[in-house]
Amino acid sequence: MTNNVIGMNIVKRRHELNISQEKLAEASDLSINYISRIEHGASKHVSADTLYKISKSLNVSMEELMENNKQEKNTWSKTSKINSISAKP
């Protein structure tokens, strides 16, 4: 699992709730800059405490924020296979 997975899940959930980074930062008592860095995968280490604050603010479990969405992974895999087949002469 990478921090980029966490960041993508935060963005996805934030968009589902239609809240800004500013509102999430305020609700989780973190800086907007830090929320942005997490969402973009630029923060190498996200502590359990930080993840807990964000998960509570987004009303999801910490596990959900760390989950790799297998459906997206499978979609990418299928697209790669189609592209490799299409590229053959």
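## Packing of helices H2 and H3

In this predicted model, helices H2 and H3 are roughly perpendicular to each other, because an angle from 65 to 115 degrees counts as such and the two helices pack at about 110°. Their axes lie 8 Å apart. In this arrangement, H2 passes H3 in a right-handed crossing. The residues that form the contact are listed by helix below.

| Helix | Residues in the contact |
|---|---|
| H2 (residues 21–28) | Gln21, Glu22, Leu24, Ala25 and Ser28 |
| H3 (residues 32–39) | Ile32, Ile35, Ser36 and Glu39 |

By character, the residues of this contact comprise four nonpolar, three polar and two charged.

Two residues of H2 in this contact, Glu22 and Leu24, may be described further. Glu22 counts as exposed, because its relative accessibility is 53% and the cut-off for exposed is over 50%. In sequence, Glu22 is 13 residues apart from Ile35, and the C-alpha atoms of Glu22 and Ile35 are 8.5 Å apart in space.

Leu24 belongs to the largest nonpolar core, which has 13 residues. Leu24 is among the residues with the most contacts inside that core, together with Ile10, Ile35, Ile38, Ile54, Leu58 and Leu65. At least two residues of the core come from each of the helices H1 (3–16), H2, H3 and H4 (48–58).

Which residues does Leu24 contact, leaving aside its neighbours within four places in sequence? They are Ile10, Arg14, Ile19, Ile35, Glu39, Ile54, Ser57 and Leu58. Of these, Ile35 and Glu39 are residues of H3 that take part in its contact with H2.

Terms used. Residues numbered from 1 in each chain as written. Predicted model: local features only at pLDDT ≥ 70, side-chain atom pairs only at ≥ 80, totals over all residues. Heavy atoms only, no water. Axes fitted to C-alpha atoms, helices over the stretch in contact; angles between N-to-C directions. Helix = DSSP H or I, 4+ residues; strand = E, 2+ residues; numbered from the N terminus. Parallel < 35°, antiparallel > 145°, perpendicular 65-115°, else oblique. Left-handed = near helix turned anticlockwise from the far one by under 90°. Contact = heavy atoms within 4.5 Å. Nonpolar A, V, L, I, M, F, W, Y, C, P; charged D, E, K, R; others polar. Core = buried A, V, L, I, M, F, W, Y, C linked by side-chain atoms within 4.5 Å. Buried < 20%, exposed > 50% of the residue type's maximum accessible area, 1.4 Å probe, protein only.
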